[in-house]
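User: Please go through the classifications in this model and set each one against its criterion.

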Amino acid sequence: MAVAAATAALAAGLLTVGSPAGAEDVTPRRVDNPYAGAQVYVNPDWAAKASAGGGSAIADEPTFVWMDRIAAINGTSGAMGLRAHLDEALDQGADVFQVVIYNLPGRDCSALASNGELPADAIGRYQTEYIDPIAEILGDSAYANLRIVAVVEIDSLPNILTNVDPRPTATANCNTMKANGNYQKGVGYALGKLGALPNVYNYIDIGHHGWLGWDDNFRPFADLFMSQVIGNNGAGAEDVHGFISNVANYGVLHEEHFNANTVIGGRPVREAAKWIDWNRYVDEVSYAKAYGELFTQRLGHRVSMLIDTSRNGWGGPNRPDGPSSSTDPNTFVEESRIDRRIHLGNWCNQSGAGIGERPTAAPESGIDAYVWVKPPGESDGASEEIPNDEGKGADEMCDPAYQGNPRNGNNPSGALPNSPLSGHWFQAQFTELLRNAYPPL
Ligand code: BGC
């Protein structure tokens with residue numbers, strides 16, 4: 001191949017750097033932004049529920065497929081298995097397939113709603129019964145031309161940074177997981193195994209701005225990732241394509257009427273308004289971009305940033321249409337903020353939320369895509385014990401009567417009542433999400 005053509009092919013990401021002069025390497029290479037120009041797979045299981053639930057306007061949107069337990073790999077009643085989804089993706093002519101890897105030992109250590117099937121010490125089973133079979137299916141040459149976006153183990157690493165001793169937000173289960181190292185080992189294994197497949201794009205969860213945005217958390221999280229995950233159990237820097245914020249959360253893309261440094265009554269709202277409470281970030285785009293820059297430096301290659309916008313719309317009658325005129329910083333922020341939650345730490349089936357921006361490639365500089373990781377209409381968790389074989393418990397954060405804990409500043413939960421188990425269809429929430437969509441449907 002002529003030098004000019006080879007250079008063009010390299011730039012397009014089609015050749016492997018270092019292939020012998022003249023020899024064409026046909027190994028598929030990762031492209032810079034897997035979403036650029038791509039048709040993304042639509043999950044027919046979700047689409048059918050969305051249509052039946054009054055959401056035909058959004059039923060053709062791509063949502064992630066969740067591998068939330070070992071049985072999900074082969075499929076469960078009412079949910080296709082991984083191969084069936086991949087085959088369907090080929091039938092659709094899709095370029096991108098999106099999957100969530102979510103089954104760590106001792107999963108969801110700061111809550112009970114999405115506890116999983118594997119006990120805290122089951123790292124062996126995680127590797128052999130969960131990651132290995134997934135890697136084998138994804139590695140099937142039939143799927144080599146699909147770009148597979150894998151969101152790896154949401155909530156896990158943020159939890160072992162913030163919800164551990166000596167912080168007041170600590171939980172016994174997060175202390176256990178930090179001490180046994182199985183989140184770090186499991187994520188390392190998943191990154192290494194999946195990253196060995198040239199068409200898999202691994203994305204690591206960075207929580208959201210209302211979790212790791214504070215100085216106490218922001219850089220320490222990057223330190224934890226670099227020192228405890230990279231180099232652990234098979235993970236290398238090249239196995240990380242990027243990071244994702246706001247998974248299954250409700251943080252807005254842009255607080256349109258203020259930023260952390262807006263001065264009201266002579267003081268920046270960052271220090272004067274309780275809602276912000278010294279956070280550097282008031283919204284997801286500013287936060288994700290900042291992490292993009294930090295991890296690009298730390299990993300030594302450009303990292304790709306995604307944001308989950310499935311439920312961060314906050315439209316409807318309570319959306320402020322301009323900044324407050326108050327000169328009291330607290331009143332100003334309360335009256336101006338688009339995120340209408342009672343507290344940023346609230347996460348379960350939030351009352352008043354709406355569908356957010358529709359999935360979009362390269363929506364603005366520094367962000368590679370808005371995606372829908374949490375399928376709208378699927379519950380975040382139940383407030384009452386519901387017998388199940390998925391490991392899921394009842395969580396008070398899903399009970400509107402609950403008055404909170406240190407992780408949400410001891411505030412009411414803001415949850416909708418009578419929710420089903422996490423992942424199960426919650427029609428009342430879906431109806432509200434459609435009604436409060438922003439941009440409107
Ligand atoms: C649940 C999973 C579910 C996912 C998507 C999580 O909270 O634990 O079981 O697949 O949400 O709805």
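**Strand pairing, ligand shell and annotated positions**

Analyst: In this predicted model, Ala361 has Ala369 as its bridge partner in β10.

User: What makes β9 and β10 a pair of strands, and how do they run?

Analyst: Pairing requires at least two bridges between the strands. Three bridges join β9 (residues 360-364) to β10, and these strands run antiparallel. The criterion is therefore met. The two strands form a hairpin with two residues between them, and Gly366 in the turn has a positive phi of about 90 degrees.

User: How do you know that β8 also pairs with β10, and in which direction do the two run?

Analyst: The same criterion of at least two bridges applies. Strand β8 (residues 304-308) is joined to β10 by three bridges, and the two run parallel. On this side, Tyr370 in β10 is the bridge partner of Ile307.

User: Why is β10 called mostly covered?

Analyst: A residue counts as buried under 20% relative accessible area. In β10 (residues 367-371), five of the five residues are buried, so the description "mostly covered" holds.

User: How do you know that Ser114, Lys392 and Ser422 make polar contacts with the ligand?

Analyst: A polar contact is a pair of N or O atoms within 3.5 Å. A polar side-chain atom of Lys392 is 2.6 Å from a ligand oxygen. For Ser114, a side-chain N or O atom is 2.7 Å from an oxygen atom of the ligand, and for Ser422 the distance from a polar side-chain atom to a ligand oxygen is 3.2 Å. Each distance is within 3.5 Å, so these pairs qualify. On its own the ligand has 310 Å² of accessible area, of which the protein covers 92%.

User: Which residues surround the ligand, and what classes do they belong to?

Analyst: The shell includes Trp66, Asp68, Tyr102, Arg107, Lys374, Pro375, Glu378 and Gly423, along with the three contact residues Ser114, Lys392 and Ser422. By class, three are nonpolar, three polar and five charged.

User: Which residues does the UniProt annotation "binding site" cover, and why do they not all gather at one spot?

Analyst: According to the unreviewed UniProt entry, the annotation covers Trp66, Asp68, His208, Trp211, Asn249, Trp347, Lys374 and Glu378. They span 313 residues in sequence and the farthest two C-alpha atoms are 22.8 Å apart, so they do not all gather at one spot.

User: Where does Asn249 lie, and why is it classed as it is, buried or exposed?

Analyst: Asn249 lies in the loop between β5 (242-245) and β6 (263-264). Its relative accessibility is 6%, which is under 20%, so Asn249 counts as buried.

How values were computed
Residues are numbered from 1 along each chain as its sequence is written. This is a predicted model: local features need pLDDT of at least 70, side-chain atom pairs count only at pLDDT 80 or more; totals for chains, interfaces and linings use all residues. Side-chain values use heavy atoms; hydrogens and water are left out. Buried means under 20% relative accessible area, exposed over 50%, partly exposed in between (1.4 Å probe, protein chains only). Helices (H or I, at least four residues) and strands (E, at least two) are DSSP runs, numbered from the N terminus. A residue is near a molecule or strand if one of its heavy atoms lies within 4 Å of it. A polar contact is a pair of N or O atoms within 3.5 Å; within protein, one must be able to donate a hydrogen and the other to accept it, and residues adjacent in sequence count only if both atoms are side-chain atoms. Accessible areas come from the Shrake-Rupley method with a 1.4 Å probe; for residues, only the protein chains shown count as cover. Ala, Val, Leu, Ile, Met, Phe, Trp, Tyr, Cys and Pro count as nonpolar, Asp, Glu, Lys and Arg as charged, and the others, Gly among them, as polar. UniProt positions are given in the numbering used here, feature names are shortened, and annotations may be inferred rather than shown by experiment.
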